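Hello,

Here is the structure I promised to pass on. Have a look at it first, and my notes follow below.

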Amino acid sequence: MCELLGMSANVPTDICFSFTGFLHRGGGTGPHRDGWGIAFYEEGGYRDFRDPHPSVHSPIARLICDYPIKSNIVISHIRQANVGQVRLANTHPFVREMWGRPWCYAHNGQLADWQALPHSFYRPVGSTDSEHAFCWLLGELRGAFPEPPADDEQRHALWATLHGLCERLRGLGVFNLLLADGDYLYTFCSTKLAHITRRAPFGRASLSDAELTVNFAEHTTADDVVSVIATEPLTDNEEWIRMAPGELLVWQGGVIQARYKT
């Protein structure tokens, strides 16, 4: 299956360290050779890079490692194709506009009977179960909330609705999700997701998939909060927290704002 990587931070932060370990799983230390992508929210804008080739050999992936793009929210994905050809149109993350914002999505898993999910506003470009489910999910949200939430009550109603939609997709198979709208990062666990939050006092971290150690105390301030979410822990000297199946976490500024469980 594919693997996911996400980040939520309270200050613009680069993901070079985590991404360096992650990209090695795309054809190096892991079998995910069928494409990769990464998306950044920064300064009110959005940009992404996608490549249908293995990330471990990708010049674009090396560019990301060498070019420290600072962002508050990042979503990345490495693909092991199950449904749909290996091509750019089927490469995550996918993005659609809603409420004047780019919504970014990446999925790990495989769904059954996904073709039966009806589409309303959004249509897939590629041929994957993942993108089909994304178009259905975002269409359902848009139908339930034609306008963005105006207060905390509506916001929590949106999050509860999202959790219910994720649970419906989990009923079709494996549905691990990263989703973002520029303000919040949403992570839903069907089978496998783990997270770690780094804050002062910062220490050293060593990657599991590459010979690289960093002392975060040399690159941060006492006020920084950075949370990283991944299918499997990326470091071998830190304690990661595994999400429970059926759990949705809502992140903002590196901190969990809400938690929904089955």
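**What I found**

A144 sits in helix 3; helices (H or I, at least four residues) and strands (E, at least two) are DSSP runs, numbered from the N terminus. Before going further: this is a predicted model, in which local features need pLDDT of at least 70 and side-chain atom pairs count only at pLDDT 80 or more, while totals for chains, interfaces and linings use all residues. Residues are numbered from 1 along each chain as its sequence is written, and side-chain values use heavy atoms, with hydrogens and water left out.

A144 is partly exposed, at a relative accessible area of 45%; buried means under 20%, exposed over 50%, and partly exposed in between (1.4 Å probe, protein chains only). Its C-alpha atom is 36 Å from that of S18, and the two residues are 126 apart along the chain.

E131 also belongs to helix 3, which covers residues 129–144. E131 counts as buried because its relative accessibility is 2%. Apart from neighbours within four places in sequence, E131 is in contact (heavy atoms within 4.5 Å) with A89, F94, R96, P124, V125 and G126.

Helix 3 also matters for the largest nonpolar core, by which I mean a set of buried Ala, Val, Leu, Ile, Met, Phe, Trp, Tyr and Cys residues joined through side-chain atoms within 4.5 Å. This core has 33 residues, and L137, L141, F175, L179 and Y186 touch the most other members. Helix 3 gives the largest share, seven residues. A second, separate core has 23 residues, including F19, I78, V228 and A230.

Next comes helix 4, with 19 residues (152–170). Among its buried residues are L158, W159, L162 and L165. The buried residues of helix 4 pack against helix 3 and strands 7, 8, 14 and 15. At the N-terminal end, D151 acts as a cap, with a side-chain oxygen 3.2 Å from the backbone nitrogen of E153.

Finally, the sheet. Seven strands form an open sheet in the order 3-2-4-1-12-9-13, with antiparallel pairing; two strands pair if DSSP finds at least two bridges between them. Strand 3 (45–51) and strand 13 (241–242) are at the edges with a single partner strand each, so one side of each has no neighbour in the sheet. Strand 1 (residues 3–13) and strand 12 (residues 225–230) run antiparallel and are joined by five bridges. One of the partnerships is that of G6 with I229 in strand 12.

Best wishes

Terms used
The expected span of a helix is 1.5 Å times one less than its number of residues. A polar contact is a pair of N or O atoms within 3.5 Å; within protein, one must be able to donate a hydrogen and the other to accept it, and residues adjacent in sequence count only if both atoms are side-chain atoms.
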